[in-house]
Amino acid sequence: MSKISVIYGSTTGTTEAVAARIAAALGASAVNVNDAGDDAFGADLLVLGTPTWGVGDLQDDWAARLDAVRTRFAGRKVAVFGLGDSVGFADTFCVAAETLAAAARDAGATLVGDVLKLDESNESDKTDGRIAEWVAKVKAEAGIQ
Ligand SMILES: Cc1cc2nc3c(=O)[nH]c(=O)nc-3n(C[C@H](O)[C@H](O)[C@H](O)COP(=O)(O)O)c2cc1C
């Protein structure tokens, strides 16, 4: 059976809560990037989540750890999701998720699924459906039953 890790950063808890929902849908467990070690980063499929802070910035914990962990993405399947505010920050909506995806790609990961962009501030009613559709696509592309 393939091992899946959901690894997230979250400043005010929104991404943490969504990571738990995505992990449940994947039959995986979610771990904060601050606590993620060899076991989490050694999974066959890494599902990485970050909100966008500042103006298009990576979440603080990801920003602090990315350089130390980016080599862990090499040769792995990686899927990325992001949280943001499409109304208050329309011009930089979920930019950090794209930053994380680019870092994984540049490190030699194979990205599976599109970058999932979620907005719990304005479109929380759409989150369940978006997660279900995305998880199905990620599993199919990653070859997971
Ligand atoms: C000061 C501030 C800056 C933000 N900047 C952005 C941004 O540039 N782009 C975006 O999409 N969302 C932005 N957001 C929205 C957050 O990404 C959103 O609230 C997210 O759900 C927070 O996730 P967290 O609770 O996991 O930290 C910002 C929110 C605040 C309060």
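This tour proceeds from the ligand and its surroundings to one aspartate, D119, in a predicted model.

**The ligand**

Begin by selecting the ligand, which sits in the largest pocket. Two elements, α1 (14-26) and β3 (45-53), each give two or more residues to the shell around the ligand. Colour β3 separately, since this strand gives the most to that shell, with 3 residues. Next, display the 19 residues that surround the ligand; the closest are S10, T12, T15, T52 and T92.

**Polar contacts of the ligand**

Select T52 and show its backbone: an N or O atom there lies 2.6 Å from an oxygen atom of the ligand. Move to W53, where a polar side-chain atom is 3.0 Å from a ligand oxygen atom. Then select D85, which has a polar backbone atom 3.2 Å from a nitrogen atom of the ligand. With a surface displayed, note the cover: of the 650 Å² of accessible area that the ligand has on its own, the protein covers 82%.

**D119**

Keep D85 selected and add D119, for the two residues touch. D119 is located in the loop between β7 (116-118) and α5 (127-142). Is D119 buried or exposed? Its relative accessibility is 0%, so D119 counts as buried. Setting aside residues up to four places away in sequence, D119 also touches G84, S86, V87, F93 and S124. Select S86 from this group: its side chain and that of D119 are joined by a polar contact of 2.6 Å.

As a last step, draw a C-alpha to C-alpha distance from D119 to L66, which gives 23 Å in space for a separation of 53 residues in sequence.

Note on methods:
Residues numbered from 1 in each chain as written. Predicted model: local features only at pLDDT ≥ 70, side-chain atom pairs only at ≥ 80, totals over all residues. Heavy atoms only, no water. Helix = DSSP H or I, 4+ residues; strand = E, 2+ residues; numbered from the N terminus. Buried < 20%, exposed > 50% of the residue type's maximum accessible area, 1.4 Å probe, protein only. Contact = heavy atoms within 4.5 Å. Polar contact = N/O pair within 3.5 Å; in protein donor to acceptor, adjacent residues only side chain to side chain. Near = heavy atom within 4 Å. Areas by Shrake-Rupley, 256 points an atom, 1.4 Å probe, with all protein chains shown as cover. 1 Å grid on protein atoms, 1.4 Å probe; cavity = no way out; pocket = protein on both sides within 12 Å on 5 of 7 lines; lining within 4 Å. Sits in = over half its atoms within 2 Å of the grid points.
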